[in-house]
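This report describes the fold of one protein chain. It begins with a strand pair and works outwards to the sheets, the helices and the ligand shell.

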Amino acid sequence: MSVSVETRDVSITFGAGPTATKVLPSVSFSVSPGECFGLVGESGSGKSTVLRCISMLTDIWTGDILIGGKPVREMPLIERCRTLQMVFQDPYGSLHPRQSVRTVLSEPLVIHKLGDREDRMRKAIADVGLPVSFLDRFPHQLSGGQRQRVAIARALILEPSLLLLDEPTSALDVSVQAEILNLLQRLREERGFTYIMVTHDLAVVDHMCDRFAVMLHGEITEVLPRDAIPGNGATHPYARELIGASLEYESAH
Ligand SMILES: Nc1ncnc2c1ncn2[C@@H]1O[C@H](COP(=O)(O)OP(=O)(O)OP(=O)(O)O)[C@@H](O)[C@H]1O
C-alpha cells in the first residue's frame, strides 16, 4: 500500500491582474513509496499550498503531479480519494459538531459503496487506539487528541496509500503530540503508507521523516536527509539558519 509522489515545476498564482500573487513559482520533488517526506519553512512559505495542490483541493496549478506514476489530474475523484487522504491541523474544525464518530466514518463508506461498514468502522477506530464505544460519541465528547485520532481514522477508512499530513499535531498539547506522532509512525510501519508532512517543528521531522524539504517564499531551498539535522548539514543559508535556530532552542530546553 505504498505509492510514489512526484511534483514537477508545480506553480500556482492566486488572484489575477495587479493583485495576482505567485505563491509557488516552481516546486519539484520526489517521494519514494513508503517514505515520510517533510515540508518545513516559515509561515506563508507555501507548505500547505503544496499539499492542497497534490490533493487537488485546489486545481489551478500548472506543472505535473504524479502519484504512483499517474497524473493526479487524470485520476477520477473516486480513485483519488482511495489513493490519498489528508489530515488537517485542527481536529476541532475538521469534524462536524453534530455528527457522531459513526457518521463521520460511515460517510466515505457510503459514498464509495463499500460493504462490511460496521466491521470497517470498528477496525478503523481500533487502529487509532480508541475503544469501539467511541463510535457513538460526538466531537464535544472527545479530547483534542481523541478528535485527531478520529480524523486519522476517517483518513484511513478508505485504505489509501498516501497520507498528506498538514501540521497534524500542532494544535495539540505537547503530551498528546507525541502520542499522535507515535500512532502515525506505527501506522506507517504496519501499512507502508507514504507520508508528506507539513510541520514547522524540526523535532517532528527528526522523529518522523526520512527526508525533508526546506521552503522559502514558495521555493524549495534544499532537500535534506533527517540526519542532516543534528550536525546542521544544510548548505543553503536559510536552511542552515532554520536548523541552527531549532538546535539552539532544543539545547536551551
Ligand atoms: N486561496 C488563496 N488565495 C490567496 N492567497 C492564498 C490562498 N491560499 C494561500 N494563499 C497565500 O499563499 C501563501 C502560502 O500559504 P500557505 O498556507 O501555503 O503557507 P504555509 O507555509 O503553509 O504557512 P503556515 O505555516 O502559516 O500554515 C500565503 O501568503 C497565503 O496567504
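Strands β9 (residues 211–216) and β10 run antiparallel and are joined by six bridges. Within this pair, A213 stands opposite V223 of β10. The model discussed here is a predicted one.

**The six-stranded sheet**

The pair β9 and β10 belongs to an open sheet of six strands, ordered β6-β7-β8-β3-β9-β10, in which the pairing is mixed. Its edge strands are β6 (84–87) and β10 (219–225), each of which pairs on one side only. From one strand to the next, the twist averages 20 degrees.

Two helices are described as packing on this sheet. Helix α1 (residues 47–54) touches β3 (36–41), β6, β7 (162–166), β8 (194–198) and β9. Helix α5 touches β6 and β7.

**The four-stranded sheet**

An open sheet of four strands has the order β2-β1-β4-β5, and its pairing is antiparallel. The edges are taken by β2 and β5 (70–71); each has a single partner strand, so one side of each is left without a neighbour in the sheet. Strand β4 (residues 62–67) and β5 run antiparallel and are joined by two bridges. L66 has P71 in β5 as its bridge partner.

Helix α1 also packs on this sheet, where it touches β1 (5–14), β2 and β4. Helix α1 therefore has contacts with strands of the six-stranded sheet and with strands of the four-stranded sheet. The table gives the direction angles for the helix packings on the two sheets.

| Helix | Sheet | Reference strand | Angle between directions |
|---|---|---|---|
| α1 | six strands | β8 | about 145 degrees |
| α5 | six strands | β6 | about 170 degrees |
| α1 | four strands | β1 | about 110 degrees |

**The ligand shell**

Which residues lie around the ligand? They are F14, T21, V23, G41, S43, G44, S45, G46, K47, S48, T49 and H200. Two elements give two or more residues to this shell, namely β2 (21–31) and α1. The most comes from α1, with three residues. The helix that packs on the six-stranded sheet is thus also a contributor to the ligand shell.

**Helix α4**

Helix α4 (residues 117–127) has M121, A124 and I125 as its buried residues. These cover an arc of only 95 degrees around the axis, which puts them on the same side of α4. An α-helix has 3.6 residues a turn, so residues three or four places apart point the same way. The buried residues of α4 pack against α3 (101–111) and α5 (144–156). Of these two partners, α5 is the helix that packs on the six-stranded sheet. After α4 comes G129, which has a positive phi near 80 degrees.

**The whole chain**

The protein contains eight helices and 10 strands. Its radius of gyration is 18 Å, close to the 18 Å that the globule rule gives for 253 residues, so the protein is as compact as a globular protein of that length. Along the principal axes, the C-alpha atoms fill a box of roughly 50 × 45 × 35 Å. Buried residues make up 38% of the 253. Among contacts in the protein with a separation of 6 or more, 67% are between residues 24 or more positions apart.

How values were computed:
Residues numbered from 1 in each chain as written. Predicted model: local features only at pLDDT ≥ 70, side-chain atom pairs only at ≥ 80, totals over all residues. Rg over C-alpha atoms; globule rule 2.2 N^0.38 Å. Buried ≥ 20, exposed ≤ 12 C-beta atoms within 10 Å, placed from the backbone. Contact = placed C-beta atoms within 7 Å. Arc of directions from axis to C-beta. Pairing = 2+ DSSP bridges. Axes fitted to C-alpha atoms, helices over the stretch in contact; angles between N-to-C directions. Near = placed C-beta within 6 Å.
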